[in-house]
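User: I would like to go through the labels attached to this model one at a time, and hear the reasoning behind each of them.

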Amino acid sequence: MSDQLIWVIIGMGIVTYIPRMLPLVLFHTNHLHPRVQGILKNVPFAILGALIFPGVLTINSESYLYGLIGAIAAFIAAWLNLNVILVVLSSILVLYGYTFL
């Protein structure tokens, strides 16, 4: 194993360790400002939306409406407080119907 590869592995270990260690060291108490706590609570939803939305628009290479219609159906079902399984099934059913148009 070359020296360069060993330094790359050590560097990658440091780079992955620091982001995991810093929150434990800096935020070891529960004294975060409520506004910061509110922002941190919304981060997973923002990341999930950022990961899903490009896929919604590119699910069908011929038309972006296919994914958009499925997303709108899922959004409406979720807005009605349906179960997650029903939200997925409603989106599938709407897209199944859309394929026959």
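User: Why is Asn-81 called exposed?

Analyst: In this predicted model, Asn-81 has a relative accessibility of 71%, and since the label exposed is given over 50%, the residue counts as exposed. Asn-81 is placed in the loop between α3 and α4.

User: What makes the phi of Asn-81 worth a remark?

Analyst: The phi of Asn-81 is near 60°, a positive value in a residue other than glycine. As background, most residues other than glycine have a negative phi.

User: How is Trp-79 classed, buried or exposed, and on what grounds?

Analyst: Trp-79, which is found in helix α3, has a relative accessibility of 66%; because the cut-off for exposed is over 50%, Trp-79 counts as exposed. Along the chain Trp-79 and Gly-97 are 18 residues apart, while their C-alpha atoms are 21 Å apart in space.

User: Why is Ser-90 called buried?

Analyst: The relative accessible area of Ser-90 is 19%, and buried means under 20%, so the value meets the cut-off and Ser-90 is buried. Ser-90 is found in helix α4, residues 84-99, and, leaving aside residues up to four places away in sequence, it touches Ala-73 and Ala-77. Ser-90 and Gly-55, by C-alpha positions, are 18 Å apart in space and 35 residues apart in sequence.

User: How do you know that Ser-91 is buried too?

Analyst: Ser-91 has a relative accessibility of 13%, and with the label buried given under 20%, Ser-91 therefore counts as buried. Ser-91 also lies in helix α4, and its contacts, not counting residues up to four places away in sequence, are Gly-70, Ala-73 and Ala-74.

User: What makes Phe-53 partly exposed?

Analyst: At 47% relative accessibility, Phe-53 falls between the cut-offs of 20% and 50%, so it counts as partly exposed. Phe-53 is found in helix α2, and its C-alpha atom is separated by 8.8 Å from that of Ala-71, 18 residues apart along the chain. Both Phe-53 and Ala-71 are among the residues that line the largest pocket.

User: Why can the lining of the largest pocket be called nonpolar?

Analyst: By class, the lining has 10 nonpolar residues, no polar ones and no charged ones; among them are Leu-48, Ile-52, Val-56, Phe-75 and Val-87. The largest pocket has a volume of about 260 Å³. Helices α2 (34-58) and α3 (65-79) each supply at least two lining residues, and the largest share, 5 residues, comes from α3.

User: How do you know that the length of α2 agrees with what its residue count suggests?

Analyst: With 25 residues at 1.5 Å a residue, α2 should span 36 Å, and because its end C-alpha atoms are 37 Å apart, the two values agree. For helix α1 (residues 3-26), which has 24 residues, the distance from the first C-alpha to the last is 34 Å, close to the 34 Å expected at 1.5 Å a residue.

User: Where do α1 and α2 bend, and what follows each bend?

Analyst: Helix α1 bends by about 30° at Ile-18, with a proline, Pro-19, following within four residues. Helix α2 bends by about 35° at Val-43, and there a proline, Pro-44, follows within four residues.

How values were computed: Residues numbered from 1 in each chain as written. Predicted model: local features only at pLDDT ≥ 70, side-chain atom pairs only at ≥ 80, totals over all residues. Heavy atoms only, no water. 1 Å grid on protein atoms, 1.4 Å probe; cavity = no way out; pocket = protein on both sides within 12 Å on 5 of 7 lines; lining within 4 Å. Points joined across faces, edges and corners; volume = space filled by probe spheres on them. Nonpolar A, V, L, I, M, F, W, Y, C, P; charged D, E, K, R; others polar. Buried < 20%, exposed > 50% of the residue type's maximum accessible area, 1.4 Å probe, protein only. Contact = heavy atoms within 4.5 Å. Expected span 1.5 Å × (residues − 1). Bend = angle between axes of the 7 residues up to and from the residue.
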